[in-house]
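Reader: I would like to learn how to read the features of a structure step by step, with the general idea placed before the particular case. Could we work through the one shown here?

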Amino acid sequence: MSIGMRNGIFVKCPLVLVAMSMIIGIIIATYVAFPILILPVLAGMVVIALLLRRFEYWQSGAIVVCCLLLGMWLMQRHLSAPAETLTDSQLERCQTYFIHQRSVLLERLSAGGVDGDTYAVVAAMSLGDKSALTRDLKETYSVSGASHVLALSGLHLGIVYMLFSLFLPRRRWPAVSQLCLLLAVWIFVFLVGMPISAMRSAIMLSVYGLLSIGHRNRMSVNALAFTAIILLMWNPAWLFDVSFQLSFMAVWAILMFVPLFESVFPSEFLMSHRWLKWMWGMVAVSCSAQLAVAPLVAYYFGRFSTYFLLTNFIVIPAAFVILWLVLVVLAFPSVAYLLLYVVQWLNTVLQAIASWPGASVEGLHPNTLQVVLIYVLIGCVYLLIGRIRPLVGWKPSKRAL
């Protein structure tokens with residue numbers, strides 16, 4: 001897509017436009033039945049795009065149409081494929097092997113004395129097994145705004161990445177260390193059952209690791225769009241999965257809005273006040289993610305957790321400690337009492353928060369149009385800030401681009 005589009009619409013965030021076009025195509029193909037095959041039309045459009053190489057704006061438009069048709073073809077192929085061909089036997093055998101290994105690790109945790117609600121939280125948070133979570137426990141975490149720590153996502157894989165990085169000589173052999181880290185991350189993803197949110201995080205971490213070798217900008221909206229493209233080409237039906245939507249919207253908002261939060265205080269001031277920098281970073285990430293997922297949570301679950309910010313200050317450090325202790329307990333089961341203490345304390349605190357007045361606003365059921373309009377409003381506010389900030393001398397970080 002670099003053929004002569006220096007001033008075209010693909011320059012700033014090319015993969016975002018590709019991903020959005022694919023998403024629109026998938027949605028169209030889901031709800032509109034086409035009597036013709038999309039693939040020949042896609043092939044013809046690719047030829048037209050190549051012939052327009054001297055007319056960059058026309059070519060940009062043709063490429064957008066190609067991406068739209070690609071999304072339509074992927075969904076058309078998915079809907080027409082027999083059920084038995086939608087899974088890969090080798091992948092299934094690999095998953096079965098890792099699920100067995102997960103069962104072994106879970107038995108080791110149970111044998112170490114981790115049981116009851118403590119076991120349920122540890123199993124969900126560290127190995128992605130939610131089968132032991134009771135309805136009351138799920139409700140407590142949901143009302144308090146801590147459900148995200150029970151679903152393996154970027155938080156958990158980031159902690160795993162950080163933990164393993166402590167044991168590798170990254171300065172001496174950076175490339176080898178990065179490859180080993182990425183291998184460990186992907187083994188962990190297979191071990192926990194390959195949930196969509198974990199796969200999204202693993203792909204983004206892979207992009208992060210590979211780009212860090214070349215000292216390039218590592219986390220960006222383009223990297224997020226690339227991840228979406230990869231996952232939707234694998235299975236376009238994932239677009240309609242709740243965890244897919246929540247995961248991508250949260251990361252999108254973090255990449256776009258956190259730089260705005262960070263620019264509220266001068267960077268020199270934050271660097272000289274490390275605790276304030278950490279606290280403000282938590283506020284920025286929590287509020288940004290909540291801004292993006294709140295409409296979807298209201299749409300699917302009819303709820304808004306009002307104490308989400310306080311909860312995040314508790315559960316995120318607790319998740320780091322718990323994952324650390326899980327590794328220690330798997331190696332030395334005799335210290336399981338430490339893990340029990342931390343998880344029991346976390347459950348008690350979240351139960352207290354969930355019991356506070358106004359902990360959750362219930363009965364929220366926006367329709368699809370209302371949710372779309374909310375996101376349009378959020379996008380307009382972001383663009384408005386972009387227009388206003390040069391007038392007031394506000395220069396947020398540009399790392400999201």
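Reader: Among contacts in the protein between residues at least 6 apart in sequence, what percentage join residues at least 24 apart?

Author: Please keep in mind that this is a predicted model. Among contacts between residues at least 6 apart in sequence, 73% join residues that are at least 24 apart. As for the elements themselves, the secondary structure comes to 16 helices and 2 strands, and of the 401 residues of the protein, 42% count as buried.

Reader: How should I read the packing of two helices, and at what angle do the axes of H7 and H8 cross?

Author: Two packed helices are described by the angle between their axes and by the distance between those axes. Here the axes of helix H7 (residues 154-165) and helix H8 (residues 174-191) come within 10 Å, and they cross at roughly 140 degrees. Because of that angle, H7 is oblique to H8, and the crossing of the two is right-handed. On the H7 side the contact is made by Leu157, Val160, Tyr161, Phe164 and Ser165, while H8 contributes Gln178, Leu181, Leu182, Ala184, Val185, Phe188 and Val189. Sorted by class, this contact of H7 with H8 has 10 nonpolar, 2 polar and no charged residues.

Reader: Leu182 is in that list; is Leu182 buried or exposed?

Author: Leu182, which is found in helix H8, counts as buried because its relative accessibility is 8%, and the cut-off for that class is under 20%. Leaving aside neighbours within four places in sequence, Leu182 is in contact with Tyr161, Leu205, Ser206 and Leu210. Leu182 and Val207 are 25 residues apart in sequence, and their C-alpha atoms are 9.6 Å apart in space.

Reader: Which residues of H7 and H14 make the contact between these two helices?

Author: The axes of H7 and H14 come within 10 Å and cross at roughly 50 degrees, an angle that makes H7 oblique to H14. H7 passes H14 in a right-handed crossing. The contact is made by Leu155, His156, Ile159, Met162 and Leu163 of H7, together with Ile316, Ala319, Phe320, Leu323, Trp324 and Leu327 of H14. These residues divide into 10 nonpolar, 1 polar and no charged.

Reader: Is the crossing of H1 and H10 left-handed or right-handed?

Author: The crossing of H1 and H10 is left-handed, and the axes of helix H1 (residues 14-31) and helix H10 (residues 221-234) come within 8 Å at an angle of roughly 35 degrees. Among the residues that make this contact are Val18, Met22 and Ile26 of H1 and Ala225, Phe226 and Ile229 of H10. By class, the contact of H1 with H10 has 14 nonpolar, 1 polar and no charged residues.

Reader: How many residues does the largest nonpolar core have, and which helix gives the most to this core?

Author: In soluble globular proteins, nonpolar side chains tend to be buried together. In this model the largest nonpolar core has 102 residues, and those with the most contacts inside it are Tyr141, Leu157, Val189, Phe244, Ile322, Leu339 and Leu346. Helix H14 (residues 308-331) gives the most to this core, with 10 residues.

Reader: With which residues is Tyr141 in contact, leaving aside its neighbours within four places in sequence?

Author: Tyr141 is in contact with Val121, Ala146, Ser147, Val149, Leu150, Leu346, Asn347 and Leu350, once those sequence neighbours are set aside. One of these partners, Leu346, is also listed with Tyr141 among the residues with the most contacts inside the largest nonpolar core.

Note on methods: Residues are numbered from 1 along each chain as its sequence is written. This is a predicted model: local features need pLDDT of at least 70, side-chain atom pairs count only at pLDDT 80 or more; totals for chains, interfaces and linings use all residues. Side-chain values use heavy atoms; hydrogens and water are left out. Axes are lines fitted to C-alpha atoms, for helices over the stretch in contact, and angles run from 0 to 180 degrees between N-to-C directions. Helices (H or I, at least four residues) and strands (E, at least two) are DSSP runs, numbered from the N terminus. Angles under 35 degrees count as roughly parallel, over 145 as roughly antiparallel, 65 to 115 as roughly perpendicular and the rest as oblique. A crossing is left-handed if the near helix is turned anticlockwise from the far one by less than a right angle, and right-handed if clockwise. Contact means heavy atoms within 4.5 Å. Ala, Val, Leu, Ile, Met, Phe, Trp, Tyr, Cys and Pro count as nonpolar, Asp, Glu, Lys and Arg as charged, and the others, Gly among them, as polar. A nonpolar core is a set of buried Ala, Val, Leu, Ile, Met, Phe, Trp, Tyr and Cys residues joined through side-chain atoms within 4.5 Å. Buried means under 20% relative accessible area, exposed over 50%, partly exposed in between (1.4 Å probe, protein chains only).
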